[in-house]
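Dear colleague,

Please find the structure below, handed over for your records. A summary of what was found in it follows.

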Amino acid sequence: MTTIVPTSEEDPALSVVRYTAEISWADAGPEVAEPQVTRLCMEAQECMVRGRWLDLASLMLTSADLMFAKASDKDLECIFTVICNLVAKTESPDEALEMAKFISAKITQQPNDKPALRLKILFNLYNLLENPYSRFYVYMKALNLAINGKVTEHIIPSFKMMDSFLKEWNIGILDQRALYLSISNILKENKSLGKDYFKFLTKYLATFSGEDAYTMSEAKEEAVRTIIEFVRAPDMFQCDLLDMPAVGQLEKDTKYALVYQLLKIFLTQRLDAYLDFHAANSTLLKSYGLVHEDCITKMRLMSLVDLGLDESGRIPYSLIKDTLRIDDDEVELWVVKAITVKLMDCKMDQMNQVVIVSRCTERVFGQQQWKNLRSKLLTWRGNIANVISTIQATKVSEDASQAMQGLTIR
């Protein structure tokens, strides 16, 4: 197998053309192959002289499938490094994008053949591009390659940098929508990344705000997936799904209305409402893979939090027992569980059989919660102002007293 070794005597691009031409015509015999190789090399030289970089890339990638089949991984990396570098030679962003599209298409044609190497080549192409949209285009191709080639583990780490990527790419809503959906489809298969899966699903649903009913209907299945993921997750107790139009459309949907009702129960009601729902819809819950015992556990914690939001900040043990439907000796156990998952800060007064709550996590944080927070902040500001006034008044009184003492001594 021929190996490309660029030297000062021949341009690396010309070496790649010669190499690809030789493997393309290898079976035709020297008499046929040599004239063809010479012809292709002359075409390549003309492209280089005239600055026709897209045509040169096309010439180099004519036998892309053969290259992947016959060249070693090391040779392929070398070949595509040269090919990808062509995007840096053009001064036209539009031409660079067209080249990126063409090169990406050739790389992703056979996703199951050396997928990790193909992905590595795409990332190399990404780093050589300067135009933000061209970079976004190649990244999307990499996502699809990772999915089809079953090498998603190589692209998942990049999701942590998605916020900075989006600032750089500056893409529109439709592109964001496609991006978030692709990412969520990747994360769906990885159970250890449930929170990230939920995060990108909600980002996807958020892109439908302001859309008409027809467009929004595209998001129905993803809205259901998001709800089920929230209900299933043992460590998620707060979300703003009820405020999202893409989720709200399910409320009156003939197929998914019950799923919306389930979400509403988990975010606004208590255990008794869930038990009634389960009694009437146990088959539905099973069809979505929800485990009844796990749902009870989560609803008990969320019901306990709901009790803690009472303005008095005091929850009798007996009320916890009745609301959570547990035995007397389990009350403190469930309070400890709520503290452990940071749903509430509280103290247990065993003598008086009451839980004294200092903080609780809201299940939803919408308009009413903002109003409540504003009211509390105003109250705190008033209390602090009163404390400051008291301190100042005390200081004035002390200063006056010291002054009188001084006069008396004289």
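**Helix packing and a pocket**

In this predicted model, the axes of helix α8 (residues 132–148) and helix α9 (residues 162–169) come within 8 Å and cross at roughly 135°. Axes are lines fitted to C-alpha atoms, for helices over the stretch in contact, and angles run from 0 to 180 degrees between N-to-C directions. Helices are DSSP runs (H or I, at least four residues), numbered from the N terminus. The crossing angle therefore makes α8 oblique to α9 (under 35 degrees is roughly parallel, over 145 roughly antiparallel, 65 to 115 roughly perpendicular, the rest oblique).

On the α8 side, P132, R135, F136 and Y139 meet M162, F165, E168 and W169 of α9 (contact: heavy atoms within 4.5 Å). The residues of this contact comprise 6 nonpolar, no polar and 2 charged (Ala, Val, Leu, Ile, Met, Phe, Trp, Tyr, Cys and Pro are nonpolar, Asp, Glu, Lys and Arg charged, the others, Gly among them, polar).

As to confidence, the chain has an average pLDDT (the predictor's confidence in each residue, from 0 to 100) of 87, and 88% of the residues score at least 70. Residues 1–8 have a pLDDT below 50, and this stretch makes 15 contacts in the model beyond near neighbours in sequence.

Residues are numbered from 1 along each chain as its sequence is written, and side-chain values use heavy atoms, with hydrogens and water left out. Local features need pLDDT of at least 70 and side-chain atom pairs count only at pLDDT 80 or more, while totals for chains, interfaces and linings use all residues.

With kind regards

Terms used: Helix = DSSP H or I, 4+ residues; strand = E, 2+ residues; numbered from the N terminus.
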